[in-house]
Structure formats: C-alpha cells, structure tokens
Amino acid sequence: MSIYLDKSSKVFVQGITGTEGSYHTGRMLAYGTNIVGGVTPNKGGQKTTHGLPVFNTVKECVAATGATHQCIFVPPAGAADALFEAYEAGIRFAVCITEGVPVHDMLKVAGATPGMRIIGPNCPGLISPGQSLVGIMPGHVFKEGNVGLISRSGTLTYEVVDGLTRAGLGQSTCVGIGGDPIIGTTFVDCLRAFAKDPKTEALVLCGEIGGSDEEEAAAFIKEHMSDVPIVAFIGGRNAPPGKSLGHAGAIISGSFGTPQSKVAAFQAAGVPIADRPSQIPELLKERMGVKV
Amino acid sequence: MNLMEYQGKELFRRCGIPVPRSQHCKTPDDVAAFIEKNPGKWVVKAQVLMGGRGKAGKIKFATSAEEGRTVAREIMATPMPPNRQNPKGEPVNSLLVEETVEIDKEAYCAITVDRASKKPSVIVTRFGGMDVEEVHEKHPESFTYHFVDTAIGYWPFIGRGLAFGAELSAGYRKQFPAIVAGMYDLFFRYGAKLVEINPLVLTKDGRVIAADAKIELDDDALFRQPELKEWQAVLPLDEDEKLAAEAGLGIRNFRRFGGTVGTLANGAGLAMGTMDAVKNAGGEIANFLDVGGGADAQRVRNCYELVVNHTAAKVFFVNIFGGITRGDEVAKGIVTAMRETTSRKVPLVIRLTGTNEEEGRRILAEAGMTPVQTMDEGAKRAVELAARA
C-alpha cells in the first residue's frame with residue numbers, strides 16, 4: 001500500500017513536449033510510472049519521443065486515456081490555468097512541479113477546487129517506491145518499505161531518503177509538499193492519509209523554518225498519532241532571524257515559525273528531532289524498536 | 001519587492017483608496033518650487049523602505065518654500081540610522097511633500113496572505129499610528145480578522161463586520177467598507193503579499209484617509225506588471241542582494257555570515273542543511289548559497305568567485321544532490337570553473353550524488369578531484385581544511 005499514488009495510477013504530463021517535461025517523462029517511464037499521455041496545446045495528435053500520445057486539452061486526454069493523475073511542468077504563468085483545466089475535466093489529483101507560481105494564483109486555486117488533492121507547487125513531487133514516481137525525484141535512492149516521509153524541501157528530501165535506504169529503511173510513499181506560502185497539501189493532510197495506510201509503520205517529517213505547518217503537524221500527532229514512531233528534522237536552524245533564505249516560506253516572523261517554536265511543538269508531541277539528516281535512521285530505528 | 005510610500009500611494013489612488021494630496025520630489029529645490037506654487041502647511045517625508053522615520057527626524061513640517069528647502073536638505077543630508085532590520089542604514093534619495101491633516105483617530109488595517117487557511121486575511125485594530133508588533137503585545141484582544149473566501153470575494157459586509165468587530169469609532173463606519181474593497185482590489189490586481197495602512201486616519205472634518213502605505217509585492221507576479229518592474233529600479237538592494245544579482249542568482253539565494261567555510265548547494269533546503277552540517281561539525285559558515293535548479297560551468301564559476309572574492313572563505317564546500325540538477329553537468333561546471341577562474345584559489349570539498357552521479361564522479365576524477373560520499377563527511381573535511389588554512 002501507499003498513499004495518493006500506486007502502480008495503477010494513470011498519469012498524464014502537462015507540458016510533456018517542453019525540455020523539462022520531456023526529460024522527466026523519460027525518467028518517470030524508466031522508473032515504471034504508468035504515464036498514459038500528455039498535453040501540449042497545438043501539438044495534439046503528435047507522439048512524444050517516448051511514443052506517448054499528445055493532446056491539445058486535458059479533456060481530450062482524459063477521454064482518450066482515462067488519466068487520473070496530472071503532473072505539471074508548465075511555466076509559472078500557466079500553472080493555475082493547468083490546474084483549473086484539469087479540475088474542470090474531472091481530475092482530482094495533481095502534482096505541480098513549477099517554481100515561481102504567483103501566490104495569488106494559488107489563493108484562487110485553493111478557494112475554487114474543493115475535493116482536489118494538489119501537491120505543490122514548487123515541489124519535487126511524490127513517489128511510492130517500487131510502484132510509481134510523479135515528479136523530479138531521483139528514483140534510484142528510494143527503496144520500497146514501510147516508512148512514510150513528508151518534506152517541505154526537494155534536495156533535502158533526497159538526502160534524508162538516501163540515509164534511510166542505506167540504513168535498510170524502505171519507504172511506502174514520500175511526498176515533497178513544496179516550500180511556497182500557499183501549497184495544496186500540508187503536513188497535516190499527508191498525516192491524515194498516512195494514518196489510514198496499513199503499510200506505513202513509521203514516519204519522517206522534514207520541516208523548515210518559517211510558517212506554522214510544523215506546529216500544526218505536531219499538534220495533530222499529539223492528538224491522533226501518538227502511537228506511531230515518528231522522527232522530525234527542521235532545516236535552517238542556523239539561519240539568522242529576519243532573513244529570508246531562498247524559499248519565500250522560510251522567513252522567520254513572530255513566535256510561530258522560529259526553530260525554537262517548532263522544536264518545542266514536536267517535543268510536546270513526543271517526537272524526537274534529529275540535529276542532522278544522518279541521525280534520522282538511527283532515531284527512527286530506536287522509536288520503532290520501542291514500539292516492538 | 002517592497003514599495004516606497006509614494007509608490008504605494010500611487011497604487012492606492014488607482015484603487016480608489018483616499019490618500020492626502022501629495023507631490024513626489026527628488027531635490028530640495030523641487031520641494032521649494034512645489035510649496036511656492038501651493039501655499040499651505042505641508043509635511044516633508046523621507047522616502048525609504050526602513051521604518052521609524054519619525055523618530056529618526058526624517059519627517060518634518062514646512063509652511064513656506066524656504067522652510068521646505070531647509071527641512072528637505074536636513075532630511076536628505078544623512079542616511080536613515082541603522083537598525084536591526086537594516087544594519088547599514090539607508091540613504092534618502094527622494095521626498096514626499098504631503099498635505100497635513102487634522103487627526104481625530106488613528107486605526108490600522110492590512111491584508112496579507114494567510115498560509116494556514118490559504119486565504120487573504122484582513123486584519124484590523126483600532127490602535128493605529130504605532131508599530132503593529134507593539135500593539136500586538138499590548139492589546140492582542142483589539143485585533144479582528146476576516147479570512148476571505150476567494151470564491152465569494154470581497155463584499156461590503158466584510159468591511160462592516162470588521163469595523164464593528166474592531167470597535168472603530170462611528171466616524172469610520174460609512175467609508176471603511178469601500179477602503180477595504182480598494183485594498184482587496186489592489187491585493188489581487190497587483191499581486192501584493194501585504195497591503196498595510198498604518199495609520200488609517202479619521203480626520204477632524206470626518207474624512208477617512210490612508211496616511212501611510214506599506215506594500216509588499218509578490219516577485220513571482222511581477223511579470224504581469226512590467227510597469228512595476230521598472231519601479232524596482234529605484235528601490236535599494238542590500239549588498240548581498242546586489243552581489244547575488246550580479247552573479248546571476250536570485251536576490252534571496254545568497255547571504256553572508258562572516259565564517260570561513262564557503263558553501264554552495266542546490267535547493268534552499270539542502271543549502272540550509274549544508275549550513276547546519278558545517279555548524280554541527282564545529283565550523284563557521286561564510287555564506288548561504290542556493291545555486292538553483294541548473295548549474296552549468298558559467299554559473300558555478302560565478303558562484304565560486306562570488307564566495308572567494310566577497311567572504312573570508314578558506315575552503316569551498318560544494319554539496320549537490322541531483323534531482324532536476326544533473327551531476328555530470330555540475331561536475332563539468334566545477335572542472336571548467338576551476339580551470340578558468342582568475343580569483344584566489346581555496347581548497348574544494350565536493351559532495352556529488354543523485355541524478356547522473358557516476359558520470360559526474362568520473363569527470364571529477366579525471367580532473368584529479370575526489371568527491372566525498374556524504375554531507376557530514378564533506379562538512380567535517382571542510383571544517384578541518386578551514387582550520388588548517
């Protein structure tokens with residue numbers, strides 16, 4: 001089992017003929033993702049270099065292929081448009097890789113797509129190892145197993161997963177939720193899904209300074225998942241207050257969002273915090289051992 | 001991108017938010033000429049992004065052309081004094097000459113992006129004209145919020161509810177809903193992450209006007225407003241932002257910290273993780289640097305030179321975990337950059353893994369460079385090398 005994505009998920013790529021879209025479609029196919037086609041306006045009827053059908057609209061793509069999962073590689077100005085087009089065509093699961101989507105576009109999307117699960121934007125996507133990968137993650141560092149992972153960062157996720165895999169801790173599903181101020185799926189959304197997945201026995205949360213997502217996740221764990229072995233990591237703890245480091249989201253402001261408030265929230269929920277990514281496997285094994 | 005007061009008020013005017021009559025001036029002579037033509041009592045305000053202008057003596061009154069020239073000279077003579085937010089201070093390059101108003105009451109109103117509810121949040125308190133953080137400490141109960149459902153949008157009931165909820169005095173009530181309507185319009189039309197009026201003044205003759213304007217625009221939405229992009233040219237960048245822009249990086253992708261371990265990583269998360277790793281290994285960080293999604297030779301060279309020329313780095317730790325970034329490209333970039341650079345040489349510690357890592361390692365090995373396996377190992381070696389140098 002897994003969350004959000006499995007072998008049967010029928011994926012289509014929006015922007016499949018662009019440089020990034022085409023490159024990562026090839027990588028996803030090589031991983032085993034069930035990609036059924038793609039959408040690029042005015043290129044309908046063509047075949048991609050991978051031999052996949054291209055459609056002019058999402059509606060046509062869905063009608064012809066039965067696609068259920070959208071993966072977006074279009075430029076920032078077209079991301080919200082792509083999400084709304086998919087929503088109107090009945091798609092209820094989307095992954096938006098695009099970085100730099102205007103925050104107001106995402107406010108409009110969030111308010112008008114009830115029932116749609118959107119991962120991102122500005123995220124590396126998600127993977128259910130051994131089954132399917134939607135996004136830009138390097139598939140070979142992942143391994144099938146029972147640990148779920150939720151992360152706000154891209155490259156830091158690979159770092160953490162690499163450590164888990166080397167330590168023999170495979171993963172059920174890893175979700176990169178993205179670092180923007182407005183994201184479709186939060187830590188708590190993912191926790192709710194993982195709580196219902198019988199295969200996921202333990203969880204790793206990779207947070208970041210800024211925002212209050214981690215605090216809300218800690219509160220949810222305390223309330224609903226106190227029996228699950230969970231380890232957290234918070235990136236950017238050495239960032240000076242008031243400075244923005246790359247991510248729009250990683251801005252420390254007020255009491256919420258500081259490394260201290262996140263550490264305190266996780267501690268209150270009984271979740272140990274790794275000082276560095278390399279400590280995560282060891283801490284998680286300890287927690288899982290305690291449970292056994 | 002943060003706007004200056006005069007730029008913010010221009011957007012207020014376009015969105016129907018009442019502001020005092022004013023003139024933007026670049027020199028003391030301009031100020032004098034304006035007051036000469038428009039006799040009356042005027043206030044001359046420094047146009048800077050820093051707060052605390054009043055306390056710094058950067059807001060002064062003038063009732064004649066000569067007085068206008070004198071106070072303008074005084075204001076422009078010295079930069080804004082440094083504070084925690086801006087340790088270098090900020091030069092005063094222009095002024096706003098504005099009609100004075102007789103203040104009866106001062107309130108506070110803002111719209112911002114609320115991450116948790118994923119909605120625009122309108123915030124009102126009846127305590128205006130002072131630092132909002134201070135108000136939040138002293139009168140937390142005075143704050144009233146409304147999270148706007150974007151599918152419904154802004155309607156006057158929201159403004160009415162806020163005015164009653166925040167106990168604004170009766171004089172505000174009639175005009176307040178239209179002012180919030182203007183702010184909401186501005187918020188979406190110009191892609192603002194913050195629209196703040198502090199103070200929102202009720203004048204003695206019963207008008208409600210925005211006496212100040214603080215606006216932060218979403219950089220990612222500027223492509224829709226080419227005009228505002230031009231406004232950016234007059235805004236001051238800090239030293240790190242300037243250096244980042246010159247190196248072809250995003251202005252937030254580079255920060256200096258004064259230590260001896262220079263760093264480069266791909267992705268903000270990993271770049272922060274790299275800083276944490278260096279700290280954990282007992283080292284001091286020279287900088288934060290997120291090279292972004294791609295890293296070709298020119299970019300790597302720019303980054304290397306940026307760090308060695310502008311920090312006290314004694315070692316350069318490159319930490320790449322390829323997803324969208326391809327290891328072979330980064331390796332080629334490093335090899336070429338080191339061959340071509342004319343800047344001072346510091347030892348390199350390279351950690352390269354992820355997409356196309358084998359090819360990347362082969363390219364580095366051919367150039368006589370041996371990458372380390374893990375981030376911790378790299379951080380440890382970098383700290384050792386920095387201590388030895």
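Me: What makes the unit of E9(A), H5(A) and E10(A) right-handed?

Reply: View it with the strands pointing away from you: a crossover is right-handed if the path from the first strand over the helix to the second runs clockwise. E9(A), H5(A) and E10(A) meet that test and make a right-handed β-α-β unit. The labels are DSSP runs numbered from the N terminus, with at least four residues for a helix (H or I) and at least two for a strand (E). This is a predicted model, where local features need pLDDT of at least 70 and side-chain atom pairs count only at pLDDT 80 or more, while totals for chains, interfaces and linings use all residues. Residues are numbered from 1 along each chain as its sequence is written, and chains are lettered from A and ligands numbered from 1 in the order in which they are written.

Me: How do you know that strand E9 and strand E10 of chain A are joined?

Reply: Two strands pair if DSSP finds at least two bridges between them. E9 (residues 144-151) and E10 (residues 171-176) of chain A have 5 bridges, and they run parallel. Ile150(A), for instance, has Val175(A) as its bridge partner in E10(A).

Me: Which bridges tie E9(A) to strand E11 of chain A?

Reply: Again there are 5 bridges, in the parallel sense, between E9(A) and E11 (residues 202-208) of chain A. Leu149(A) is partnered by Val204(A) in E11(A). E11(A) also pairs with strand E12 (residues 230-235) of chain A, in the parallel sense over 6 bridges. There Leu205(A) stands opposite Ala232(A).

Me: What order do the strands of this sheet follow, and which are its edge strands?

Reply: The order is E8-E7-E10-E9-E11-E12-E13 in chain A, an open sheet of 7 strands with mixed pairing. Strands E8 (132-135) and E13 (273-274) of chain A pair on one side only, which puts them at the edges. Helix H8(A) lies across E11, E12 and E13 of chain A. It runs at about 180° to E12(A).

Me: Why are H7(A) and H8(A) called roughly parallel?

Reply: Two packed helices are described by the angle between their axes and the distance between the axes. Axes are lines fitted to C-alpha atoms, for helices over the stretch in contact, and angles run from 0 to 180 degrees between N-to-C directions. H7 (residues 213-224) and H8 (residues 259-268) of chain A pack at about 5°, with axes 8 Å apart. Angles under 35 degrees count as roughly parallel, over 145 as roughly antiparallel, 65 to 115 as roughly perpendicular and the rest as oblique. H7(A) and H8(A) are therefore roughly parallel.

Me: Which residues make that contact of H7(A) with H8(A)?

Reply: H7(A) brings Glu214(A), Glu215(A), Ala218(A), Ala219(A) and Lys222(A). H8(A) answers with Ser261(A), Lys262(A), Ala265(A), Phe266(A) and Ala268(A). Contact means that two C-beta atoms, placed from the backbone, lie within 7 Å. The classes are 5 nonpolar, 1 polar and 4 charged. Nonpolar covers Ala, Val, Leu, Ile, Met, Phe, Trp, Tyr, Cys and Pro; charged covers Asp, Glu, Lys and Arg; the others, Gly among them, are polar.

Me: Why is H5(A) called oblique to H9(B)?

Reply: The axes of H5 (residues 155-166) of chain A and H9 (residues 268-280) of chain B come within 6 Å and cross at roughly 60°. That angle makes H5(A) oblique to H9(B). Thr155(A), Leu156(A) and Glu159(A) meet Gly269(B), Leu270(B) and Gly273(B). By class, that is 2 nonpolar, 3 polar and 1 charged.

Me: Which element gives the most to the side of chain B that touches chain A?

Reply: H9(B) does, with 11 residues. The whole contact takes 45 residues from chain B and 48 from chain A. The chain B side divides into 17 nonpolar, 15 polar and 13 charged residues.

Me: How do you know whether Ala107(B) is buried or exposed?

Reply: Count the other C-beta atoms within 10 Å, all placed from the backbone: 20 or more is buried, 12 or fewer exposed, in between partly exposed. Ala107(B) has 25, so it is buried. It lies in strand E5 (residues 103-114) of chain B. Ala107(B) and Val201(B) are 94 residues apart in sequence, yet 6.4 Å apart in space, C-alpha to C-alpha.

Me: Why is one side of strand E3 and of strand E6 of chain A left without a neighbour?

Reply: E3 (54-55) and E6 (117-119) of chain A each have a single partner strand, so they stand at the edges. Their open sheet has 6 strands in the order E3-E2-E1-E4-E5-E6, with parallel pairing.
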